[in-house]
Amino acid sequence: MARILVADDDVDIRELVEFKLSSLGHDITAVSDGQAAIDACRAQRPDLAVLDVMMPGVSGLDAIRVIRADPALADLPVILLTARAQESDVETGFDSGADDYVTKPFSPRELASRVESLLSRVG
C-alpha cells in the first residue's frame, strides 16, 4: 500500500481517481488545488502524487516546480493528469519534472497501471 496525493479542482475526477486508487489498497489524500498539494506533501510526504495541471491559484506545473525545488520532496514521483494534450504541453510537463503524463479523458485502469508501474520503479 502506498500513500498517494491526488490534486484536481474537478471534484468528479478527483473522486474517480481516489476511488480507483483506493480500491487497489492505496491510502489517498485528495485536495483541490496546487497549494494544498504542496502543503500536503510537506506535511506528510506521499509515495506518489497525481496532479492536475490547470487548477486555480497554484497550477500543477507550479506545484511540481516547488516540489522539485524542495530537497525533502525532490525525488517524489509525480504524474500529471491533464486535459492539455498537445505535444508542447506534454513537453512542458516533463520539463517541469513530471515522471509521467496522462491526458484526460483517461482510463482509470490505465492511470492505475501507470501508478503501479511508477511505484514499482521507486519502491
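These are my notes on the sheet, the cores and the charged side chains of a predicted model.

**Sheet.** I began with the strands. Five of them, in the order β2-β1-β3-β4-β5, form an open sheet with parallel pairing. β2 (27–31) and β5 (100–103) stand at the edges with a single partner strand each, so one side of each has no neighbour in the sheet. I read an average turn of 20° between neighbouring strands, direction ignored. I then looked up one pair: β1 (residues 3–7) runs parallel to β3 (residues 48–52), and 4 bridges join them. In this pair L5 stands opposite A49 of β3.

**Helices on the sheet.** I checked two helices against the strands. α1 lies across β1, β2 and β4 (78–82), at about 170° to β2. α5 (residues 108–122) lies across β1, β3, β4 and β5, at about 165° to β4.

**Cores.** Which residues have the most contacts inside the largest nonpolar core? I found L5, L51 and L80, in a core of 22 residues. The elements giving two or more residues to this core are β1, α2 (34–43), β3, α3 (60–69) and β4. Another core, of 18 residues, lies apart from it and includes A2, V6, L81 and L119. I also listed contacts of L80 beyond four places in sequence; among them are L51, V53, L61, Y101 and V102.

**Salt bridges.** I counted 9 in the structure. K104 and D8 meet in one, at 2.9 Å from N to O. K104 sits in the loop between β5 and α5 and D8 in the loop between β1 and α1, 96 residues apart. Both K104 and D8 are buried. I noted that D8, D52 and K104 are linked in a network of salt bridges.

D99 and R68 form another, at 3.0 Å from N to O. This pair is 31 residues apart, with D99 in the loop between α4 (87–95) and β5, and R68 in helix α3. D99 is partly exposed at 34% relative accessible area, and R68 is partly exposed at 22%.

A third entry is D89 with R84, whose closest N and O atoms are 3.2 Å apart. Is D89 buried or exposed? D89 counts as buried because its relative accessibility is 16%, under the 20% limit. R84 is partly exposed, at 36%.

**R14.** I looked last at R14, in helix α1 (residues 11–23). R14 is buried but has no salt bridge. Its nearest side chain of opposite charge is E18, 5.8 Å away, and a salt bridge needs the atoms within 4 Å. Beyond four places in sequence, R14 touches V6, D8, D9, A30, V31 and S32.

Terms used. Residues numbered from 1 in each chain as written. Predicted model: local features only at pLDDT ≥ 70, side-chain atom pairs only at ≥ 80, totals over all residues. Heavy atoms only, no water. Buried < 20%, exposed > 50% of the residue type's maximum accessible area, 1.4 Å probe, protein only. Lys, Arg positive; Asp, Glu negative; His and termini not counted. Contact = heavy atoms within 4.5 Å. Pairing = 2+ DSSP bridges. Axes fitted to C-alpha atoms, helices over the stretch in contact; angles between N-to-C directions. Core = buried A, V, L, I, M, F, W, Y, C linked by side-chain atoms within 4.5 Å.
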